[in-house]
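Student: Could you walk me through this protein, one question at a time?
Tutor: Gladly; have a look at it first, and then we can begin.

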Amino acid sequence: MCLEAAIKVLLSPPSPNLLILPPSPTLLSTPFSLHHLPSCPLSLLSADEMAMTDLLKAEEIKKALDAFAAETFDPKKFFEMVGMKAMSAENVKKVFQVLDVDGSGFIEEEELKFVLKGFSKEGRDLTDAETKAFLTAADKDGDGKIGIDEFETLVHE
């Protein structure tokens, strides 16, 4: 199934989410999009190669973003709306890794302000008050940043 999807992607026009395959006798530097491989196991993709839509449904993300466009952001309600509350701890941690833009293993306050953009480029910035409230809700150890286990706990509370 993955091979069939890969061949289909190789024969289609390039997308903005590209990975260049190593040269081979028949396929020299062919653009390849991981986004078009939903049938492949997620464990084959690393967090930096994964798009949020590899983990969550685009329609649910859009619906949740629309719900909080003018309303005060509520992370627990948002996570439930996008389907994260029903996800396994392992997949919630994969979402965290996508949101951890700098790869530090934490979502710091600076990253948290732009967390909705991690779900979709159409996401809005959180206000300072929303950012601080989110951080307070998730930062159980009080170190000023959200670790992967703290994030998973907040999602499943």
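Tutor: Helices (H or I, at least four residues) and strands (E, at least two) are DSSP runs, numbered from the N terminus. This is a predicted model, in which local features need pLDDT of at least 70 and side-chain atom pairs count only at pLDDT 80 or more, while totals for chains, interfaces and linings use all residues. Residues are numbered from 1 along each chain as its sequence is written, and side-chain values use heavy atoms, with hydrogens and water left out.

Student: Which pattern does the protein chain follow along the sequence?
Tutor: The chain has 8 helices and 4 strands. Reading along the sequence, their pattern is α-β-β-α-α-α-β-α-α-α-β-α.

Student: Where is Ser-120 found?
Tutor: One flanking element is helix H6, residues 115-119, and the other is helix H7, residues 128-138. Ser-120 is found in the loop between H6 and H7.

Student: Why is Ser-120 classed as buried or exposed?
Tutor: Buried means under 20% relative accessible area, exposed over 50%, and partly exposed in between (1.4 Å probe, protein chains only). Ser-120 has a relative accessible area of 14%, so Ser-120 is buried.

Student: Which residues does Ser-120 touch, not counting those up to four places away in sequence?
Tutor: Contact means heavy atoms within 4.5 Å. With residues up to four places away set aside, Ser-120 touches Ile-61 and Leu-65.

Student: What pocket does Ser-120 help to line, and what is the volume of the largest pocket?
Tutor: On a 1 Å grid over the protein atoms alone, a pocket is an open set of points where a 1.4 Å probe fits, with protein on both sides within 12 Å along at least five of seven lines; lining residues have an atom within 4 Å of a point. Ser-120 is one of the residues lining the largest pocket, and others include Met-52, Val-98, Gly-118 and Phe-119. Grid points are joined across faces, edges and corners, and a volume is the space filled by probe spheres set on the points. For the largest pocket that volume is about 160 Å³.

Student: Which element gives the largest share of the lining of the largest pocket?
Tutor: The lining includes Lys-117, Gly-118 and Phe-119. The largest share, 3 residues, comes from H6.

Student: Which residues does Gly-118 touch, not counting those up to four places away in sequence?
Tutor: Gly-118 lies in helix H6, and at 28% relative accessibility Gly-118 counts as partly exposed. The C-alpha atoms of Gly-118 and Val-98 are separated by 7.2 Å, although these residues are 20 apart along the chain. Leaving out residues up to four places away, Gly-118 touches Met-52, Val-98 and Leu-99.

Student: Which residues in helix H4 are buried?
Tutor: Helix H4 covers residues 89-99. Lys-94 lies in this helix and is buried, with a relative accessible area of 11%. The buried residues of H4 are Val-92, Lys-94, Val-95, Phe-96, Val-98 and Leu-99.

Student: Which element gives the largest share of the largest nonpolar core?
Tutor: A nonpolar core is a set of buried Ala, Val, Leu, Ile, Met, Phe, Trp, Tyr and Cys residues joined through side-chain atoms within 4.5 Å. The largest one has 32 residues, and Phe-151 is among those with the most contacts inside it. The largest share of this core, 5 residues, comes from H4.
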